Every structure is written in structure tokens, then in C-alpha cells.
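Hi,

Here is the structure I said I would pass on. Have a look when you get a minute, and my notes are underneath.

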Amino acid sequence: MNYEIKGGAFPVVICQLADGERMTTEKGSMVWMSPNMEMTTTGGGIGKMFSKALSGESMFQNIYTARGAGMITFGSSFPGRIMPIEIAPGREMILQKSAFLAAESSVSLSIHFNKKIGAGLFGGEGFIMQRLSGSGIAFAEIDGELIEYDLAPGQQMVIDTGNVAGFEPTVSIDIRQVAGLKNKLLGGEGFFNTVLTGPGKIWLQTMPISNVAGAIRPYIPTGNG
């Protein structure tokens with residue numbers, strides 16, 4: 001598979017596939033393709049579908065197979081970037097579940113539950129994430145711009161939960177309360193932040209769609225009047 005990322009604020013990734021090569025996506029992100037691409041939809045088994053339903057994910061995956069040399073394009077749903085990720089044994093990746101766009105069929109996508117109790121109770125979207133393993137190229141959708149840090153062992157970063165796009169499995173995640181009742185109630189930053197602890201790379205996004213939705217909600221008319 002060869003690919004090219006094009007576009008500005010709303011990028012697309014154009015994938016050129018050889019005969020028999022396959023791409024997988026979970027959320028209707030195909031925007032155009034050659035007519036010889038064959039689509040099949042699968043749930044991956046009852047147990048896997050049930051766990052996905054509990055996590056709020058789509059229960060189904062769309063698999064596109066090239067019948068002869070073919071082309072398929074996946075597009076982002078929000079202004080930002082598309083990040084290619086090379087997955088290999090020992091080079092896995094943890095993503096926010098909203099970040100996964102598409103991948104080669106040799107990349108496995110599974111649910112990743114954060115082990116810390118605090119992250120489970122208060123982490124929101126940060127509690128249930130996605131783990132990419134196997135071998136191949138995957139594409140992640142980044143809201144806004146992408147900032148990367150390489151944390152040393154024990155080095156920490158405190159982050160608003162929605163700004164976490166992904167991190168390497170060597171990075172641990174937990175939730176920290178905002179200090180002080182006044183800060184919680186009046187600070188406008190919520191009650192909790194996400195804490196990532198190295199070693200490993202972390203990927204942060206500058207404009208999470210959840211923050212944008214919260215910012216415009218007060219200006220959306222309610223009712224029929």
C-alpha cells in the first residue's frame with residue numbers, strides 16, 4: 001500500500017492498493033474510491049461486538065478489498081491533521097477511540113481499558129481507548145494541530161483529557177483532581193486533568209472537538225421559539 005496525504009484544514013489520505021490488499025475503518029470515513037474496491041461489513045464476533053457496544057464504539061468495521069489495483073480515500077471529519085503511524089511488534093499505539101481513521105488489515109484494533117481506578121471513574125473518554133497492534137500502517141485523525149513530546153522515565157505531563165490524542169504503551173495514564181474547591185468551581189477547567197507519565201512518546205491535539213462543542217453550546221438556540 002502506498003499513500004499520500006493531501007488537503008489543508010480538512011485533509012484526506014489517498015491509498016493506492018495492489019490486488020487483494022485491504023483497508024479497515026470503523027466510522028464511514030471513506031470519501032471516494034475506484035469502482036473495483038469491494039466493501040464488506042463485519043462485527044468481529046458477538047463478544048467483540050458486545051464490548052464495543054459497552055464502550056460506545058461502532059460495533060462494525062468496514063473492510064475494503066482491492067480487486068485489481070485500486071484506490072481508496074479516507075477523509076477527516078473535523079479540521080486538523082491525519083497522522084500516519086507505523087505499527088510493528090513492540091511498536092504498538094494507544095489512541096483516543098475517536099482518533100482512529102483507517103488502517104491496513106494487518107493492523108489489529110482492540111479496546112484498551114485504563115487500569116487506574118481514578119482514570120476509570122473520572123477519565124471520561126480517556127478511560128476507554130483503542131490499542132493498535134500487529135504490523136502495518138494506520139492513520140489517526142488529529143483535531144487541530146499535533147504536538148509530540150518524548151517523556152523521560154518518571155517525567156509527567158498534566159493535560160486536559162480531550163487534548164490527549166495517543167501515546168505509546170510504555171506511558172502510564174492517571175487522573176488528577178484540580179487543587180482547591182474555588183479552582184474547581186470557578187476556574188473553568190473542570191474537576192480533573194489527565195496525567196501521563198513516561199517513558200515514551202505522547203501525542204497531543206490542540207483543538208479537540210469536544211471542547212469546540214462545549215464552546216458553541218451556549219449559542220445554540222433551544223426550543224421552538
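Below is what turned up, going from sheets to cores to aromatic pairs.

One thing up front: this is a predicted model.

Sheets first. Six strands make an open, antiparallel sheet, in the order β5-β6-β3-β10-β13-β8. Its edges are β5 (37-42) and β8 (80-87), each of which pairs on one side only. From one strand to the next the twist averages 20°. If you want a spot to zoom in on, try β3 (residues 22-25) against β10 (residues 100-104): they are antiparallel partners over 2 bridges, and T24 has A103 as its bridge partner in β10.

There is also an open sheet of 3 strands, again antiparallel, ordered β15-β18-β17. Here β15 (156-159) and β17 (172-177) are the edge strands, each pairing on one side only. The twist in this one averages 30° between successive strands. β17 and β18 (residues 192-197) run antiparallel and are joined by 6 bridges; R176 finds its bridge partner in N193 of β18.

Now the cores. The largest nonpolar core has 17 residues, and the ones touching the most other members are M83, I85, I87, M93, L95 and L132. At least two residues of this core come from each of β8, β9 (93-96), β10, β11 (107-113) and β13 (136-143). L132 is a nice one to click on: beyond its neighbours within four places in sequence, its contacts include I85, I87, M93, L95, F100, V107 and A138. A second core, separate from that one, has 14 residues, among them L17, Y64, F74 and I82.

Last, the aromatics. How many aromatic pairs does the structure hold? The count is 2. In one, the ring centres of Y3 and F139 are 5.1 Å apart with the planes at 80°, so this pair is edge-to-face. Y3 sits in β1 (residues 2-6) and F139 in β13, so the pair links parts 136 residues apart in sequence. As for burial, Y3 counts as partly exposed at 36% relative accessibility, while F139, at 0%, counts as buried.

The other pair is Y64 with F74, also edge-to-face, at 6.3 Å centre to centre and 70° between the planes. Y64 belongs to β6 (residues 61-66) and F74 to β7 (residues 70-75), so this pair ties together parts 10 residues apart in sequence. Both Y64 and F74 are buried, and they are the two residues I listed above in the second core.

Cheers

Terms used:
Residues numbered from 1 in each chain as written. Predicted model: local features only at pLDDT ≥ 70, side-chain atom pairs only at ≥ 80, totals over all residues. Heavy atoms only, no water. Pairing = 2+ DSSP bridges. Helix = DSSP H or I, 4+ residues; strand = E, 2+ residues; numbered from the N terminus. Axes fitted to C-alpha atoms, helices over the stretch in contact; angles between N-to-C directions. Core = buried A, V, L, I, M, F, W, Y, C linked by side-chain atoms within 4.5 Å. Buried < 20%, exposed > 50% of the residue type's maximum accessible area, 1.4 Å probe, protein only. Contact = heavy atoms within 4.5 Å. Phe/Tyr/Trp six-rings, centres within 6.5 Å; stacked < 30°, edge-to-face > 60°.
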